[in-house]
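I opened the notebook to look at how strands and helices sit together in this protein. Here are my entries, in the order I looked things up.

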Amino acid sequence: MRDDLKVFARLLGLSRRYWGWMALGALLSSVTVLANISLLAVAGWFLAAMAVAGAAGLLINYFLPAALIRLFAILRAGGRYLERLVTHEATFRLLSELRVWFYERLEPLAPARLQLYRGSDLLSRIQSDIDTLHHAYLRVLVPVLVGVIAVAVVATVLSVYNSRIALLVLSLLLVAGVAMPLIMRHAGDRSGAWVVETRAALRATLVDSVQGMGELRVYGAAQRQAQQIEHLTRRINAEQMRLSRLSGVSEGSVALCASFAMWGTLLIAITLVSSGALQPPELPMLALLVLASFEAVGPLPLAFQKLGETFAAARRVFELVDAQPQIAAVHTPSPRPLDSSLTLRGVRLRYDNQGPWALDGLDLDLAAGKCVAVVGPTGAGKSSIVRVAIRFWEYQEGEIRLGGHDLRSYRPEDVRELIAVVSQDTHLFNTTILENLRIAAPGADEEAIIRAAQTAQIQDFIAGLPQGYGTYVGEAGVRLSAGQARRIAIARALLKDAPILLLDEPTENLDPQTEQAVLEAIDRLMAGRTVLLITHKLGVLHNRVDEILVLERGRIVERGTHSELMRGGGRYAHYQDYLVEIRESR
Ligand code: ADP
C-alpha cells in the first residue's frame with residue numbers, strides 16, 4: 001500500500017506541469033456530474049409537481065424548472081465535451097513528454113546496462129507501459145477529485161432535507177467509492193502485474209518470430225513458435241477473463257449500492273411526506289438525485305482494479321529510469337586534448353564481477369598521427385578496447401589517457417566527439433541514405449556530404465539510384481550490400497571528422513574484391529588521423545601500420561613491425577592462413 005502511494009506520488013510529480021490542466025479537467029467533470037444529478041432531480045420534481053398540480057387543477061410556474069432543465073442539459077453535454085478535451089489533451093501531451101524523458105534516461109544506459117534487456121522489452125516499456133500510465137491520470141486522479149467534490153455536494157444538499165437520508169446515502173457512496181475500489185485494487189493487483197509482464201513476453205516472442213521467420217521456416221520450427229504464441233495469448237486471455245468477471249462484480253455492486261440508497265431514501269422520504277415534513281414532488285426528486293449521485297463514484301472500482309496494471313507498468317518504467325549508468329556523467333567541462341594520442345596502461349576490464357578478465361593488464365601506445373594494429377583470435381579482447389576507449393564500458397583497473405588527459409576526466413559525449421568508429425556491424429537506420437549520413441554530422445551541407453561519399457567511393461552508386469540520396473535503405477540497411485553499407489559507415493566517419501579513428505574489423509564479411517575497394521576508401525579515411533586498426537586478417541595490415549600488437553586473452557603477447565614479428569618467429573609468424581592472405585593481397 002505504501003509502495004503504491006509512492007508510485008502514485010511519483011506519477012503525480014511527473015505530471016507537475018499539467019496540474020493546472022488536471023484541476024480544470026476535474027472542475028469541468030464535477031460540473032458535468034453535478035449537472036446530470038441536478039437534471040434528474042429537477043426533472044423528477046417537475047414531473048411530480050406537474051402531476052400533483054394537474055390533479056388538483058392548479059397552475060404552477062413551469063418556466064423556471066423548464067429553463068433549469070435546459071441549463072443542466074447544456075451544462076452536462078458541454079461540460080463533458082470540454083472536460084474530455086482538457087484532460088485528454090493534457091494527458092497525451094504528458095505521455096509524449098514522458099516518452100522523451102524515458103528515452104533520454106535510457107540512452108546513457110546503453111550498452112552496458114541494457115545488455116540484459118531484450119530490444120522488444122525496451123520497446124514495450126517505452127511504448128505500451130508509458131501508454132498505460134494514462135490510466136493513472138485520466139481514470140484515477142481526475143475521477144477521484146470529481147468523486148470527492150460531488151459526494152461532498154450531494155451529502156450537503158441531502159443533509160438540508162434530512163440527516164438520516166444524508167447519512168444513509170453517504171455511507172453507501174463511501175462503500176461504492178472507497179471500499180469497493182480498495183477491494184478491487186487488491187483483487188486486481190497480482191493479475192495486473194502479470195498481464196503487463198506476459199504482454200511484454202508475447203511482444204518479445206512476436207518480434208523474435210518476425211525477425212527470425214527465415215530461420216524458423218528453414219528449420220521447420222514455425223509450428224512450435226506458433227504454439228508458443230498461442231499459449232501466451234491463451235494465458236493472457238484467461239487472465240483477462242478473470243479481470244472481466246471482477247469488473248462485472250464491481251459494476252454490479254455499485255449498482256446494488258445505488259439501488260439500496262434509492263430504496264432507503266424512498267422509504268425514509270415516504271414517512272416524511274406522510275408527516276408533512278416533505279412536499280410530495282420532493283420525493284421523486286430526492287430518489288432520482290440519490291440514484292444519479294452514484295455516477296460520481298461508479299467508475300472508481302474499475303479504475304482501481306486496473307491500477308495494478310498501471311503501477312506494474314510504472315514500476316517497469318522507473319526501474320530503468322533509476323538504473324545508474326555504468327559510465328558516470330561528468331559535470332565539469334572536459335579538458336582540451338593536447339594531441340590525438342591514446343594510451344592504455346595496465347587496463348583491466350571484465351564484463352561482470354565474477355567473470356574472466358576480457359582485458360588483462362593491457363598496455364597500448366597510440367601516438368598522434370600513427371597507426372597501430374591489434375591482431376588476435378576471436379575473443380582475445382580486441383573489440384573490448386574500442387568499448388573502453390569510447391566510454392561504452394567502464395574499465396576496473398589501470399589508466400587510459402586521451403590527448404594527454406585521463407579519459408575519465410572527459411565527459412563521455414566529448415570522448416565520442418574525438419573518436420570515430422567504423423566496425424563490421426555499423427547500424428543503418430530504416431530511413432534514407434541522406435539521413436543515415438546526417439547522423440554523423442546533423443548540420444552538414446550537401447557539398448560536404450557529397451565530398452564524404454566521393455572519398456568513401458559510394459557517390460557513384462548513390463548518384464546512380466533513381467532516388468539518389470533519398471533512397472530508403474530498408475530495415476538495418478537490408479537493401480544495401482555489405483560493401484555498400486561499409487562504405488556508408490566510412491562516409492559517416494569522414495563526415496564526423498574526428499582526429500582519432502578506431503577501425504574494428506572494418507573489412508569483415510566482405511568478399512576479396514569488395515574488401516579491396518573498401519580498403520581503398522579506408523586508406524583515404526585514415527589519412528591524417530590517429531588510427532587503431534583491429535583485425536584478424538593480416539592482409540589488411542600490409543603497408544598500413546606502424547606497429548602491430550598481438551593480443552591473446554586480453555594481453556599483448558608480441559609487438560613490433562610486420563618484418564620484426566616475422567623475423568621473431570613467434571605467434572604472429574605462425575598465423576599461416578593470414579600469411580597466405582598477405583601474399584594474395586600483394
Ligand atoms: P574480440 O573482439 O577479440 O573477438 P571481445 O573484446 O569482443 O573479443 O571479447 C573479449 C571477451 O569478452 C570474450 O570472452 C567475450 O565473450 C567477452 N565479452 C565481450 N562482450 C561481452 C559482453 N557484452 N558481456 C559479457 N562478456 C563479453
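**Entry 1: the sheet**

I began with a single pair: Thr343 has Arg401 in β4 as its bridge partner. Helices (H or I, at least four residues) and strands (E, at least two) are DSSP runs here, numbered from the N terminus. The model is a predicted one, so local features need pLDDT of at least 70 and side-chain atom pairs count only at pLDDT 80 or more, while totals for chains, interfaces and linings use all residues. Residues are numbered from 1 along each chain as its sequence is written, and side-chain values use heavy atoms, with hydrogens and water left out.

Next I looked up the strands around that pair. Strand β1 (residues 342-349) and strand β4 (residues 397-402) run antiparallel and are joined by five bridges; Arg345 has Glu399 as its partner in β4. β1 also runs antiparallel to β2, with six bridges between them, and there Val347 is partnered by Leu362. Two strands pair if DSSP finds at least two bridges between them.

What is the strand order of the open sheet? I read β2-β1-β4-β5, four strands with antiparallel pairing. β2 (359-366) and β5 (405-406) are at the edges with a single partner strand each, so each has one side without a neighbour in the sheet. Helix α12 (residues 382-389) packs on the sheet and touches β1, β2 and β4, its direction making about 70° with that of β2. Contact means heavy atoms within 4.5 Å. Axes are lines fitted to C-alpha atoms, for helices over the stretch in contact, and angles run from 0 to 180 degrees between N-to-C directions.

**Entry 2: helix α6 and its partners**

I then turned to helix α6 (residues 163-211) and helix α8 (residues 222-274), whose axes come within 10 Å and cross at roughly 170°. That makes α6 roughly antiparallel to α8 (angles over 145 degrees count as such, under 35 as roughly parallel, 65 to 115 as roughly perpendicular and the rest as oblique).

With helix α11 (residues 307-321), the α6 axis comes within 6 Å and crosses at roughly 50°, and the two are therefore oblique. Among the residues that meet there are Arg185 and Gly188 in α6, and Leu307 and Phe311 in α11.

**Entry 3: confidence**

Last, I checked pLDDT, the predictor's confidence in each residue from 0 to 100. The protein averages 91, and 98% of the residues score at least 70. Over residues 579-583 the pLDDT is below 50, and this stretch has eight contacts in the model beyond near neighbours in sequence.
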